[in-house]
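Please open the model in your viewer and keep the sequence panel beside it. We will go from stop to stop, choosing something to select each time.

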Amino acid sequence: MEYSYDLKGNNLYIEENRIPAYSLEENEIGNCTSCDSILMSLSYHAAGERTLVVTKCISCGAFYANVYDSGWNWVDEVQVSLLPIPIPISNQIIDDWKGLEAIPIKKLEAVFSRGEIEALFARAKDETPTRQYLYRARKKYKLFEEIFDIELAF
Ligand SMILES: [Zn+2]
């Protein structure tokens with residue numbers, strides 16, 4: 001059987017079955033099999049007669065699920081793999097000089113001319129940009145966003 005764990009929602013999955021946590025209590029639960037440090041509980045799950053406690057080693061970071069029977073007798077320890085946490089697909093929005101400066105120049109150069117880049121920096125620093133360059137640069141914001149998922153907003 002495959003055990004996986006969703007860190008964000010504290011859900012344990014046994015194969016395809018989602019078992020939500022009934023408690024998020026933190027307790028010391030024995031020792032790590034790989035480094036012998038202390039395991040702390042992350043969440044408690046009820047699966048039929050059994051209780052599963054998902055634990056994380058405080059030292060090496062390994063995840064396990066400890067399985068107990070209805071009388072809290074330890075039955076088994078199983079490996080738990082982590083489910084990837086989905087990254088929100090919203091674009092990065094750049095609206096100040098610090099943000100602009102953090103964009104690799106190569107990316108800017110791929111879309112904007114030198115004059116346009118200077119105008120962008122001037123605008124972001126609240127200096128007076130060359131109007132014509134800024135105007136041209138702004139027309140390329142959409143293109144820049146499409147290529148790099150970075151939205152310029154100044
Ligand atoms: Zn460990």
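Four donors around a metal count as tetrahedral if all angles lie between 85 and 135 degrees. Keep that rule in mind for the first stop, and remember throughout that this is a predicted model.

**Stop 1: the zinc ion**

Select the zinc ion and show the side chains around it. Which residues coordinate the zinc ion? You should find Cys32, Cys35, Cys57 and Cys60, each through its SG atom, at 2.3 to 2.4 Å. Now look at the angles: the 4 donor atoms subtend 97 to 116° around the zinc ion, and therefore the arrangement is tetrahedral. For comparison, the ideal angle for four tetrahedral donors is 109.5 degrees.

Next, find the donors in the sequence panel, where they follow the spacing C-x2-C-x21-C-x2-C. Highlight Cys35 and Cys57, a pair that links distant parts of the chain, 22 residues apart. Cys35 sits in the loop between β4 (28–31) and β5 (38–47), while Cys57 belongs to strand β6 (residues 50–57). Are these two buried or exposed? Cys35 is partly exposed, with a relative accessible area of 32%, whereas Cys57 is buried, at 2%.

**Stop 2: the sheet**

Switch to a cartoon view and colour β4 to β8. These 5 strands form an open sheet in the order β4-β5-β6-β7-β8, with antiparallel pairing. Look at the edges, where β4 and β8 (74–79) stand: each has a single partner strand, so one side of each is left without a neighbour in the sheet. Turn the view to follow the twist, which averages 35° from one strand to the next.

**Stop 3: along the strands**

Start with β4 and β5, which pair in the antiparallel sense over 2 bridges. Glu28 stands opposite Met40 in β5. The two strands form a hairpin with 6 residues between them, and in its turn you can pick out Asp36, with a positive phi of about 70°.

Move on to β6 and strand β7 (residues 63–68), an antiparallel pair joined over 6 bridges. Here, select Leu52 and look across to Val67 in β7, which it stands opposite.

Then go from β7 to β8, where 5 bridges join the antiparallel strands. Tyr68 stands opposite Trp74 in β8. The hairpin of β7 and β8 has 5 residues between the strands, and Trp72 takes a positive phi near 60° there.

**Stop 4: Ile29**

Go back to strand β4 and select Ile29. This residue is buried, with a relative accessible area of 13%; the cut-off for buried is under 20%. Which residues does Ile29 touch, leaving out those up to four places away in sequence? They are Leu39, Ser41, Tyr44, Val53, Thr55, Asn66 and Tyr68. Try a distance too: the C-alpha atoms of Ile29 and Met40 are 5.7 Å apart, although the residues are 11 apart in sequence.

**Stop 5: the whole protein**

Finally, zoom out. The protein has 5 helices and 11 strands. Its radius of gyration is 26 Å, well over the 15 Å that the globule rule gives for 154 residues, so the protein is more spread out than a compact globule. Rotate the view and compare the box filled by the C-alpha atoms, roughly 75 × 30 × 25 Å along the principal axes. If you colour by accessibility, 37% of the 154 residues count as buried.

Key: Residues numbered from 1 in each chain as written. Predicted model: local features only at pLDDT ≥ 70, side-chain atom pairs only at ≥ 80, totals over all residues. Heavy atoms only, no water. Donors = N, O, S within 2.8 Å, 3.2 Å for Na, K, Ca; no water. Tetrahedral: all angles 85-135°; square planar, octahedral: opposite > 155°, others 65-115°. Helix = DSSP H or I, 4+ residues; strand = E, 2+ residues; numbered from the N terminus. Buried < 20%, exposed > 50% of the residue type's maximum accessible area, 1.4 Å probe, protein only. Pairing = 2+ DSSP bridges. Axes fitted to C-alpha atoms, helices over the stretch in contact; angles between N-to-C directions. Rg over C-alpha atoms; globule rule 2.2 N^0.38 Å. Contact = heavy atoms within 4.5 Å.
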